[in-house]
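Hi,

Here is the structure I said I'd pass on. Have a look at it first, and my notes on the salt bridges follow below.

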Amino acid sequence: MNYGDYWKAAFAIALSELEGVGSVPVRDIYNALQRHKGDFRKQGKALLTCLGEKGWRWKFFNKPLDSAKDYKEMALLFAARVEMLAHGLNRKQQLMEVAERRPYWEFSAGLDDEIPERCRAMNGTIKHFKDPFWQDVFPPCNHPSCTCQVLSLSERDLAKKKGHA
């Protein structure tokens with residue numbers, strides 16, 4: 001798969017998080033974001049042009065939508081979410097490609113003030129890449145602005161972390 005394929009998959013995930021897009025064709029939303037892939041500021045502006053400033057909602061945006069500024073902020077964060085999802089899907093493929101040599105994965109949370117308690121609690125969790133844990137947990141997590149990541153570890157890396165090196 002190439003990055004464009006990951007981006008399409010990310011778009012499909014993010015699209016399921018939108019509400020109230022009504023009669024706006026999915027193709028129009030996709031094209032608004034695709035035109036400026038990699039620049040979420042321009043994507044947010046294009047999305048706002050496509051969907052307008054009333055009636056639609058993104059499930060992760062919890063502020064009241066009282067003004068055009070609120071819709072602009074929501075569109076910008078949604079566009080960033082698509083890019084983060086694409087990056088996460090691409091990263092998982094990269095980790096799979098080296099899994100024979102680096103079979104352990106470590107969950108790493110950004111640990112800034114914005115990180116939810118769920119992610120904070122998983123920080124440092126190390127599991128084999130085939131562990132069912134990774135089916136449900138793989139960044140970006142189910143919150144906007146996720147900075148969590150997964151690091152790959154070899155047997156030797158794991159021994160060092162456990163203090164057996």
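Before anything else, keep in mind that this is a predicted model. I'll start with D157 and R102, which form a salt bridge with their closest N and O atoms 2.9 Å apart. That pair links distant parts of the chain: D157 sits in helix α7 (residues 155-161), while R102 is in the loop between α4 and β3 (104-108), 55 residues away. R102 has a relative accessibility of 28%, so it counts as partly exposed.

How many salt bridges are there in total? The count comes to five, and two others are worth going through here.

One of them joins the side chains of E17 and R81, at 3.0 Å from N to O. E17 lies in the loop between α1 (3-15) and β1 (18-19) and R81 belongs to helix α4 (residues 68-97), so this contact ties together parts that are 64 residues apart in sequence. Buried or exposed, these two? Both E17 and R81 are buried.

Then there is K63 with E73, whose side chains meet in a salt bridge at 2.7 Å, N to O. Here K63 is in the loop between β2 (57-58) and α4, and E73 is in helix α4, so the parts tied together are ten residues apart in sequence. As for accessibility, K63 is partly exposed, with a relative accessible area of 36%. E73 also counts as partly exposed, because its relative accessibility is 29%.

That's what I have on the salt bridges for now.

Cheers

Note on methods:
Residues are numbered from 1 along each chain as its sequence is written. This is a predicted model: local features need pLDDT of at least 70, side-chain atom pairs count only at pLDDT 80 or more; totals for chains, interfaces and linings use all residues. Side-chain values use heavy atoms; hydrogens and water are left out. A salt bridge is a side-chain nitrogen of Lys or Arg within 4 Å of a carboxyl oxygen of Asp or Glu. Helices (H or I, at least four residues) and strands (E, at least two) are DSSP runs, numbered from the N terminus. Buried means under 20% relative accessible area, exposed over 50%, partly exposed in between (1.4 Å probe, protein chains only).
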